[in-house]
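Welcome! Here is a short briefing to help you find your way around this structure. Have a look at the model, then follow the points below.

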Amino acid sequence: MERYICIHGHFYQPPRENPWLEAVESQDSAYPYHDWDERITAECYAPNSASRILDGEDRIVQIVNNYARISFDFGPTLLAWLEENAPDVYELVLMADQESQQTFSGHGSALAQAYNHMILPLANRRDKYTQVLWGIRDFEHRFGRKPEGMWLPETAVDLETLDIMAEMDIQFTILAPHQASRVREIGGRSWRDVSGGRIDPTRAYLLRLPSGRRINLFFYDGLISRAVAFEGLLSSGEQFSGRLMSSFSEERPWPQLVHIATDGETYGHHHRHGDMALAYAIHHVQSNGLAQLTNYGEYLERHPPTHEVEVLENTSWSCPHGVERWRSDCGCNTGGQPGWSQAWRAPLRETLDWLRDALAPRYEEHARQLLRDPWETRNDYIDVILDRSRENVEQFFKRHATRALSDDEKVTALKLLGVQRHAMLMYTSCGWFFDELSGIETIQVLQYAGRAIQLAQELLHERLEPRFLELLGQAKSNVREHQDGRRIYEKFVKPAVVDLHKVVAHYAVASLFEPYDERAKVYCYDVERDDYQMVETGATKLAVGRARVASEITGESALLSFGVVHFGDHNLSGGVRAFRGQKAYRTMVEQVTEAFSRGDLPDVIRLLDKHFLELTYSLKSLFRDEQRKITHLILESTLTEAEAAYRELYDHHALLMRFLVDAGVPLPRAFHTAAEFILNLDLCRALEEEEPDLDQIGGILEAAGAWQIEVDAAGLGYALQQTIERVAEDLRVRPTEFSLLERLETVVSLARFLPFEVSLWKAQNVYYDMLQTVYREFQERAEQGDEAAQEWINHFISLGDGLLVHVE
């Protein structure tokens, strides 16, 4: 009996980019990481690219790329983030697909995914078509081949979507067992009801579509998938492999495929070290010859369907009510707060549907004046999203423009296409998945709607926002202070809106604290300085100038003048306006700088207000990451004062504090706060040193323990992790530098000594690579009597002990 195993991981994160900046801003809830994409990459996407297989003593004996041995799909927007922010992980994902083609008879393990995780049965046909097409084109751009299969967001299915996929030569998709309705042998007459999850998941099925097209379907094993995702099966790789093997049956005469599908984040993010359970399970199956690993493309080629199936439309894998989770209060929630209602889901969808339908005819009418076929151009716009170089954009317009367009007409066309892009991004499924209207996922889709509205209103000179807000107000929040969707939009979306003036305001304010080059990049905007003057007296600074700012997304540009004055601390005020000619500009510069040189700050404010009409920009005008960076610079002197005060209190009363603890008397709040601040600060500084002082660190930890001070485990562990990774990377580059080997040995031993966890993942990867290469070179030299090489080997083996890597 032929036995096959296939494990599928659906890797996806909702796009988190600020729609105006095209970048993910800091998210405090992801601490100590910058944002959730970065955190989940560290916990899941990266570990699965280099997962550990351990021996009986929990030492690493092998590091493997899980992606090369499973079936997987990655969201296109997530891959775009990885390409920019974690390029090493991104390359390993692409390499895994290439390696899988060698393993699985030419069939790559990567599947495409509909572009931005829209619930396709709830979309109109035009959006379905673009979402599928963009997903395919993105896949081809990254993986260099056509996809055989495609993952449906939330496995939400309807026949129209499947037909579009088949039209685009997608061979198969994967569904949940309860999405099957009935089956029969191909060529047979009688159907058998398999609803309620009763379909046999161990074979492929054929679906005949009303158009006459066909597509193959796989229905994953629901029981094992649930055990992996929700029942702790990943606590043991051996148990995981045993559960997979238990699904084979001697009663099935056909070549059986045992396959499961879960969120890819199950393997590391949802379940810590889940990637290692996956790696071991696969290793156990392979090394013991229990079954043959395969992927869907290879299995389908070897064993085409013998049965056909019909599906239950408008169903999904994560809502037992079909697709109601994304349009009604169906009862599905994440259990955040008892008594909360999700009745907001329906008016949210109705509001976005109204916006989509209001934008479509206006887009078509205006785009038709510039583009041969507005909707075909939208379909092809994915090529611009993937490559915004001037040359590529020009080629795009050569294919689609009705004639040679002026620069202004190109901006108009790109803005129109931007309207359509954001009108699809606003349907990202996570906006409805969770429990509360004011959650970050729902605010994100509202920001996409806000960007679409902004672009449309700039082009159409028609106010769509009032009606949009009227409808959105029908969506009620569970949080009293947020009231409803209108209030949430005004509170969280409107302040985030960016235009070219705000970009230059950011540039002007930031320039007071850190100098810019003549040409600077501010997120997705290029700023070219035409003129700039900064003068300062004591803590007071004045900057005036003019700059040309241009959007990389729409090509829109403007020449703007600016003036900003900083009085010290957080007190700052400035203005931006369109450049009105050299004479008016020179008058402004001369008058403002002359008043500043006289120390007449009230006159400086009056003149700036006069020339810029009103001073509307302050430190709050900075985009979030830069705002925090500059706020930290401003606070440095204040924090230094606070540290001195806390340290004096701590040092002066340390003996008294120890007496109180020994006597069983709780520390007064003031003492406890001072100790917590100073000990955490000293510990962080000590851990960031290139050569940390173990005695000093031990003393700090002893004091923290004695006084029952809670240390910032996450932040401190991350600080030492960064130090370890920096030294490990230096050793990779300069492996013969003995002092680096000793330093890494020291900081790794420190990590093992601390009472909180420190990730050694990257250092282990560096060590494992060196074990296969540099170590062997030193072995050869040591065997020839090189004493220095032997000493290097001794320390290298000792480092391996600290990193828990097995060395022969």
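Arg-145 counts as buried, because its relative accessibility is 15% and the cut-off for buried is under 20%. Please keep in mind that this is a predicted model. Arg-145 is a good place to start, as its side chain meets that of Asp-97 in a salt bridge. The structure holds 57 salt bridges, and a few of them are introduced here, followed by a pair of helices.

**The Arg-145 and Asp-97 pair**
- Between the side chains of Arg-145 and Asp-97, the N to O distance is 2.8 Å.
- This pair links distant parts of the chain, 48 residues apart: Arg-145 sits in the loop between helix 4 (125–143) and strand 6 (150–151), while Asp-97 belongs to helix 3 (residues 87–103).
- Is Asp-97 buried or exposed? With a relative accessibility of 0%, Asp-97 counts as buried.

**The Asp-383 and Arg-399 pair**
- Asp-383 and Arg-399 also join their side chains in a salt bridge, at 3.6 Å from N to O.
- Here the two partners come from helix 12 (residues 382–386), which holds Asp-383, and helix 13 (residues 390–400), which holds Arg-399; they are 16 residues apart.
- Asp-383 is partly exposed, with a relative accessible area of 24%.
- Arg-399 is partly exposed too, at 40%.

**A salt-bridge network**
- Which residues are joined into one network by salt bridges that share partners? They are Arg-125, Lys-128, Asp-158, Glu-160 and Glu-167.

**The Asp-801 and Arg-59 pair**
- The side chains of Asp-801 and Arg-59 form a salt bridge with an N to O distance of 3.7 Å.
- Asp-801 lies in helix 30 (residues 787–803) and Arg-59 in the loop between strand 2 (51–54) and strand 3 (60–64), so this salt bridge ties together parts that are 742 residues apart in sequence.
- Asp-801 has a relative accessible area of 39%, so this residue is partly exposed.

**Helix 28 and helix 29**
- Helix 28 (residues 761–772) and helix 29 (residues 774–783) have axes that come within 3 Å and cross at roughly 45°.
- That angle makes helix 28 oblique to helix 29.
- On the side of helix 28, the contact is made by Met-770, Leu-771 and Gln-772; helix 29 contributes Val-774, Tyr-775 and Arg-776.
- Sorted by class, this contact has 4 nonpolar, 1 polar and 1 charged residues.

Terms used:
Residues are numbered from 1 along each chain as its sequence is written. This is a predicted model: local features need pLDDT of at least 70, side-chain atom pairs count only at pLDDT 80 or more; totals for chains, interfaces and linings use all residues. Side-chain values use heavy atoms; hydrogens and water are left out. Axes are lines fitted to C-alpha atoms, for helices over the stretch in contact, and angles run from 0 to 180 degrees between N-to-C directions. Helices (H or I, at least four residues) and strands (E, at least two) are DSSP runs, numbered from the N terminus. Angles under 35 degrees count as roughly parallel, over 145 as roughly antiparallel, 65 to 115 as roughly perpendicular and the rest as oblique. Contact means heavy atoms within 4.5 Å. Ala, Val, Leu, Ile, Met, Phe, Trp, Tyr, Cys and Pro count as nonpolar, Asp, Glu, Lys and Arg as charged, and the others, Gly among them, as polar. A salt bridge is a side-chain nitrogen of Lys or Arg within 4 Å of a carboxyl oxygen of Asp or Glu. Buried means under 20% relative accessible area, exposed over 50%, partly exposed in between (1.4 Å probe, protein chains only).
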